[in-house]
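Dear colleague,

I am handing over the structure below, and I would be grateful if you could look it over alongside these notes. What I found in it follows after the display.

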Amino acid sequence: MLLALLIILALGGITLMAAVDVWTLQQQREREAQLMFAGDQYRQAIRRYYFAAPPGSPRTLPPRLESLLEDDRYPIPVRHLRRLYPDPILGQPTWGEVRVDNHISGVYSLSEATPLKQSGFPPGYDHFEGRARYQNWVFSFTGGTLSRTALPPNPGGKTPLPPVASTRSVLGNTK
């Protein structure tokens, strides 16, 4: 009787461990999908900001992420982004920023974790294939052309951060 109970408990424990593994993988896949959504929202908002320059003024990239929420270049502020999204991989309000001439051209996760998704990306995301870290999934807009880019592979194994990048909080007022 006790032996049967021990066998049942052992099988139950093994089943529970397998269920936790499946749940963990599903959570990571969901966070990856959220990262792609949030990153693309930032990329699209930067693009809208760039092309929404008032008549007679030059097109520029936003100086900070908060400018996407309230573009004060007009008498009535324009919203290019509904809200500032936190980084879904880290669960924190910080993003890495790709900067060009002190203006933001893109964002990326600061996570050094390895993505589950390595291939099979939708069109426009094909540069994410084979990336070793989430921080290599860079969502950027480059002057007049849409760009969802990632860093080129590094044969040495270590993947550097994107160039000219800084880290800032996208929620709250940290300066």
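To begin with one residue, Ser-67 touches Tyr-49, Pro-62 and His-80 when residues up to four places away in sequence are not counted. Please keep in mind throughout that this is a predicted model. Ser-67 has its place in the loop between H1 and strand E1, the strand that covers 94-100. With a relative accessible area of 9%, Ser-67 is buried, because the limit for that word is under 20%.

The next topic is the nonpolar core. The largest such core holds 26 residues, and those that touch the most other members are Tyr-42, Leu-68, Leu-81, Trp-137 and Phe-139. At least two residues of this core are supplied by each of H1, strand E2 (103-108) and strand E3 (138-142), and the largest share, 8 residues, comes from H1. For Leu-81, once its neighbours within four places in sequence are left aside, the contacts are Gln-41, Tyr-42, Ala-45, Leu-68 and Leu-69; Tyr-42 and Leu-68 are also named among the core residues that touch the most other members.

I then turned to the charged side chains. How many salt bridges does a search of the whole structure find? The search finds 4 of them, and I describe some of these here.

One salt bridge joins the side chains of Arg-43 and Asp-40, with 2.9 Å from N to O. These two residues lie 3 residues apart in helix H1, which spans residues 2-51, so about one helical turn separates Arg-43 from Asp-40. Both Arg-43 and Asp-40 are buried.

Another salt bridge brings the side chains of Glu-97 and Arg-99 together, at 3.0 Å from N to O. Glu-97 is buried, its relative accessible area being 0%, and Arg-99 is buried as well, with a value of 13%.

A further salt bridge links Glu-66 with Arg-64, where the closest N and O atoms are 3.6 Å apart. Are its two partners buried or partly exposed? Glu-66, with a relative accessible area of 16%, is buried, whereas Arg-64, at 39% relative accessibility, counts as partly exposed.

If you open the model, you might start at Ser-67 and its contacts with Tyr-49, Pro-62 and His-80, then go on to Leu-81 and its contacts, including Tyr-42 and Leu-68, and finish with the salt bridge between Arg-43 and Asp-40 in helix H1.

With kind regards

Terms used. Residues numbered from 1 in each chain as written. Predicted model: local features only at pLDDT ≥ 70, side-chain atom pairs only at ≥ 80, totals over all residues. Heavy atoms only, no water. Helix = DSSP H or I, 4+ residues; strand = E, 2+ residues; numbered from the N terminus. Buried < 20%, exposed > 50% of the residue type's maximum accessible area, 1.4 Å probe, protein only. Core = buried A, V, L, I, M, F, W, Y, C linked by side-chain atoms within 4.5 Å. Contact = heavy atoms within 4.5 Å.
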